[in-house]
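Thanks for coming. I will go through one structure, piece by piece, with the model on the screen.

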Amino acid sequence: MNEEYSSKSLGILSDPTACREPINLKNQSRESLISNLELLVLIRKAEEKIADNVENGRIKCPCHLAIGQEAPAIGIAAHIQKGDAVFGAHRSHAHYLALGGDLRELFAEILGKETGCSKGMGGSMHLRSLKNQLYGTVPIVGATIPIATGAALAHKLDGNDSIAVSFLGDGAVEEGVLHESLNLASTMNLPVIYVVENNLFASHLHIGLRQPNDSTCRFAEAHNIKWSRIDGNDTVKLIETTGTAINCARSNGGPHFIEAVTYRWRGHVGHREDNDVGVKRSDDLEGWKKRDPIDRLARALFDDGAYTQNELDTAKLEIDRKIEAAWQQAEEDRYPLKGELFRRVYA
Ligand SMILES: Cc1ncc(C[n+]2csc(CCOP(=O)(O)OP(=O)(O)O)c2C)c(N)n1
Ligand SMILES: [Mg+2]
């Protein structure tokens, strides 16, 4: 098999000088692509707002930003229905917002306010939005993978067509529980989609220093699970691939493993671009910025005549206004009372 198409190698997908062209819009509805583009811009700008407030010291909790790697969240969110259960991890602002999570509740959570989506008790890494099917995100790497698998088992036992989604990083495949979960999902034919956002790094360590091969699809293959590897900065391919996988899972076709190859623009945690937990970052960042998922989708829509730069500029102004209003509101919100601290702790 050609190395590029084997389950072991990312091929050109990991090359920062490749995949820079505008993406192919195919037969996707232009209207929904425009709203997805505007959602991508909202996520980007919301995280830039968070980054600025980490830098100025206003935000005290650790924030892991997905700037540059927002597109996989959009691909999944496009197909989520009532009844589904989505789980994220430590880098999940984009998952939360793509699914429709409220902006003020996100900012309030990060600021520790009682109006936050977890009542201000969890911060950036404990997000949830049950009405948008986001059941939870947690900082322990790999921890939500078995929970998503269990949610899929529950859907199966209930006999409905709901699915579960587990967003995880390339670092999380190094946790044993991923392999136990894949085994269970495969043998029980569970309706679960594993979405690996392979951004090539776990903290400061490149995947080449951590694993014998750079593509995580080999683990799906080992468990007889269908897999797809895609350019994680191509929103249209993500929408298409996740749609096929999710429809298949809804009709008893079993689990699917999607590896979306992407890159984060900021350091592992915090606002800085030049630093990964105290270590100088890889020099590939400038190349990856030319693979910007937002720019590539916008250029494709401009070339297609479906959207104009003017329309995008107008949308950006409205998004800025929304973000400012939500931030202002969250700043004015109250902190929880001391007595609230133990109210939701179960023994
Ligand atoms: C069980 C566990 N081990 C280590 C950590 C520290 N840690 C937090 S994020 C992270 C890297 C995770 O990398 P990846 O899964 O690729 O996600 P990314 O940060 O790239 O989005 C590590 C090692 C942790 N939170 N939990
Ligand atoms: Mg990673």
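In helix α6, the buried residues are L178, S181, L182 and A185. Keep in mind that this is a predicted model. Looking down the axis of α6, those buried residues fall within an arc of 100 degrees, so they line one face of the helix. There is a general reason to expect such a pattern. An α-helix has 3.6 residues a turn, so residues three or four places apart point the same way. On the other side of α6, E180 and T187 are exposed.

What do the buried residues of α6 pack against? The list has two helices, α5 at 144-158 and α7 at 217-222, and also the strands β3 at 164-169, β4 at 192-198 and β8 at 256-261.

As for length, α6 covers residues 176-187, which is 12 residues. From first C-alpha to last, α6 reaches 17 Å, close to the 16 Å expected at 1.5 Å a residue. After α6 comes N189, with a positive phi near 50 degrees.

That sign deserves a remark. Most residues other than glycine have a negative phi. Two further residues here are like N189. S203 has a positive phi near 50 degrees and is not a glycine. S203 sits in the loop between β5 (201-202) and β6 (205-206). With a relative accessible area of 25%, S203 is partly exposed. N224, also not a glycine, has a positive phi near 60 degrees. The loop that holds N224 runs between α7 and β7 (226-231). N224 counts as exposed, at 71% relative accessibility.

Now back to α5, which was on the packing list of α6. I will take two of its residues. T144 is found in α5, and A151 has its place there too.

Is T144 buried or exposed? T144 is buried, because its relative accessible area is 4% and buried means under 20%. The side chain of T144 reaches the backbone oxygen of G88 at 2.8 Å. Leaving out residues up to four places away in sequence, T144 touches F87, G88, G136, V138 and S166.

A151 is buried as well, with a relative accessible area of 13%. Outside its neighbours within four places in sequence, A151 is in contact with A85, F87 and A164. Take A164 from that list: A151 and A164 are 13 residues apart along the chain, and their C-alpha atoms are separated by 6.2 Å.

Next is helix α8, residues 235-250. How far apart are the end C-alpha atoms of α8? They are 22 Å apart, which agrees with the 22 Å that 16 residues should span at 1.5 Å a residue. Buried residues in α8 include T235, V236, L238, I239, T241 and T242. Further along α8, G243, A245, I246, A249 and R250 are also buried. What covers the buried residues of α8 includes the helices α1 (30-55), α2 (71-77) and α10 (293-304), along with the strands β4, β7 and β8. Strands β4 and β8 also appeared on the packing list of α6.

The two ends of α8 can be described briefly. At the start, a side-chain oxygen of D234 reaches to within 3.1 Å of the backbone nitrogen of V236. After α8 comes N252, whose phi is positive, near 70 degrees.

Last, the ligands. Ligand 2 is a magnesium ion. Which protein atoms are its donors? They are OD of D170, OD1 of N199 and the O of F201, lying 2.1 Å from the ion. Along the chain, these donors follow the spacing D-x28-N-x1-F. N199 and F201 are both buried.

Ligand 1 has 15 residues around it, and those that come nearest are H90, R91, G171, N199 and F201. So N199 and F201 are on this list as well as among the donors of the magnesium ion.

Three polar contacts of ligand 1 can be pointed out on the screen. An N or O atom in the side chain of H90 is 2.8 Å from an oxygen atom of ligand 1. For G171, a backbone N or O atom lies 2.7 Å from an oxygen atom of the ligand. At P139, a polar backbone atom is 3.0 Å from a nitrogen atom of ligand 1.

Terms used. Residues numbered from 1 in each chain as written. Chains lettered and ligands numbered in written order. Predicted model: local features only at pLDDT ≥ 70, side-chain atom pairs only at ≥ 80, totals over all residues. Heavy atoms only, no water. Donors = N, O, S within 2.8 Å, 3.2 Å for Na, K, Ca; no water. Buried < 20%, exposed > 50% of the residue type's maximum accessible area, 1.4 Å probe, protein only. Helix = DSSP H or I, 4+ residues; strand = E, 2+ residues; numbered from the N terminus. Expected span 1.5 Å × (residues − 1). Arc of directions from axis to C-beta. Contact = heavy atoms within 4.5 Å. Near = heavy atom within 4 Å. Polar contact = N/O pair within 3.5 Å; in protein donor to acceptor, adjacent residues only side chain to side chain.
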